[in-house]
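Colleague: Before I use words such as buried, cavity or strand for this protein, I would like to hear what stands behind each of them. Could you show me the model and take me through the terms?

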Amino acid sequence: MVYDCFFLPKTLRFQIQHSLIWSRLDSSEPERWPRPSLADSSVQGRGGYVSTVTLFCVSGRISAEHIVASSPKTDEKLLAECRLLGIGTTYDNTEVVNKSDVIFVAVKPPHVSKVASEIAPVFKRNQLLVSIALGITIRNIESLLPSKSRVVRVMPNTPAVVGAGASAFAVGSACQDGDSALVEDLLSTVGFAVEVPEVHIDPVTGLSGSGPSYMFSVIEGLADGGVKMGLPRDLSLKLAAHTLLGAAKMVLDLNEHPAVLKDNVQSPGGSSVYGIHELEKGRLKAVLMNAVEAASNRSKTTGDAALPRHAMYRNTEI
């Protein structure tokens, strides 16, 4: 099912057992578990939050025997795919919460209140809840759980399925020393991860959370241009994708501002500057800025709309 730019099940929760997490955080721990390749996994190519979590297993970061997924019976197909990875499954959320120390909540915003209310009676202060629900603030989740519950809010993105994700997370006031490092360590398994103030999570959603869809459109446009000029479709797509991949790597590896790198490509009277002129006429940068702004605002309004009318805290209050 599609929600905004991510593929999600209706109500899927992943739980990771404490003993596994802490043993794997020890760099001296021997490699006791096999590291299956992405090609061996039924989640290869799957987008969204679910893959971000299952890739902890697929990458070898966490043993499948230490992950449990719970979901309604209507999501039996997804649970069957989890079982192919060796992940345990159940329909009972409270059962897995009782057995776990870190709970990933990967649900659509309208389901957050129901899920949180369901697990609240068995949720303990020594457990950590990691929410990947769009637009729902930490304070709102905290208000649905026992006092001083430890909550982390995360915004990943779909390139996590190929180990190239970009995730940002914010920690709640009740979180303890080590919670931030633990979440960063897990998210780093599937790409870049960084802690930010919660006020930045909605802008992150507009930028990196939704950004892959913008870049897919850019790749498509470049490839269409190649086809228009006579290149085969398959070759155009590969060249366009590798061009964005290489440009991104230059920005990260060379530590140069994109404007400097752009100018380095443009020789006087050359083809690149003519192409850039067309992009400027089309206001490409302004369009991308507008896209980030629109998606960020949508994240805020979606979270607010998903909350009960009596909810105490809105996105505008963080």
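The conversation below takes the terms one by one and sets each against its definition.

Modeller: This is a predicted model, in which local features need pLDDT of at least 70 and side-chain atom pairs count only at pLDDT 80 or more, while totals for chains, interfaces and linings use all residues. Residues are numbered from 1 along each chain as its sequence is written, and side-chain values use heavy atoms, with hydrogens and water left out.

Colleague: Why is C82 called buried?

Modeller: A residue is buried under 20% relative accessible area, exposed over 50%, and partly exposed in between, with a 1.4 Å probe and protein chains only. C82 has 4% relative accessibility, so C82 counts as buried. C175, with a relative accessible area of 17%, is buried as well.

Colleague: How many disulfides does a search of the whole structure find?

Modeller: A disulfide is a pair of cysteine sulfur atoms within 2.5 Å, and the search of the whole structure finds zero of them.

Colleague: Which class does Q176 fall into, and what makes it so?

Modeller: The accessibility of Q176 is 45%, and therefore Q176 counts as partly exposed. Q176 is found in the loop between strand 9 (165-171) and helix 7, where helices (H or I, at least four residues) and strands (E, at least two) are DSSP runs, numbered from the N terminus. The C-alpha atoms of Q176 and N126 are separated by 9.4 Å, although these residues are 50 apart along the chain.

Colleague: Which residues of helix 7 are buried, and how do you know on which side they lie?

Modeller: Helix 7 covers residues 179-188, and the buried ones are D179, S180, L182, V183, L186 and L187. They cover an arc of only 165° around the axis, and therefore they lie on the same side of helix 7; the arc is that of the directions from the helix axis to the C-beta atoms. As background, an α-helix has 3.6 residues a turn, so residues three or four places apart point the same way.

Colleague: What makes helix 8 largely enclosed by the rest of the structure?

Modeller: Helix 8 (residues 201-209) has seven buried residues out of nine, so it is largely enclosed. The buried residues of helix 8 are I201, D202, V204, T205, G206, S208 and G209.

Colleague: How do you know that strand 7 and strand 8 pair, and in which sense?

Modeller: Two strands pair if DSSP finds at least two bridges between them, and strand 7 and strand 8 have four bridges in the parallel sense. One partnership joins L128 to R150 in strand 8. Strand 6 (residues 102-107) also pairs with strand 7 in the parallel sense over four bridges, with F104 having V130 as its bridge partner in strand 7.

Colleague: How are the two sides of these strands covered?

Modeller: From strand 7, L128 and V130 point one way and L129 and S131 the other way, and all are buried. In strand 8 (residues 150-155) six of the six residues are buried, with R150, V152 and V154 on one side and V151, R153 and M155 on the other. In a regular strand the side chains alternate between the two faces of the sheet.

Colleague: What makes a space inside the protein a cavity, and how many are there of 30 Å³ or more?

Modeller: On a 1 Å grid over the protein atoms alone, a cavity is a set of points where a 1.4 Å probe fits but cannot get out, and lining residues have an atom within 4 Å of a point. There are two cavities of 30 Å³ or more, and about 60 Å³ of space lies in the largest cavity; grid points are joined across faces, edges and corners, and a volume is the space filled by probe spheres set on the points. The largest cavity is lined by V105, V112, V115, A116, I119, L129, S131 and I141. Helix 5 (112-119) and strand 7 (128-131) each give two or more residues to this lining, and the largest share, four residues, comes from helix 5.

Colleague: What is known about V112 in helix 5?

Modeller: V112 has a relative accessible area of 7%, so V112 is buried.

Key:
1 Å grid on protein atoms, 1.4 Å probe; cavity = no way out; pocket = protein on both sides within 12 Å on 5 of 7 lines; lining within 4 Å.
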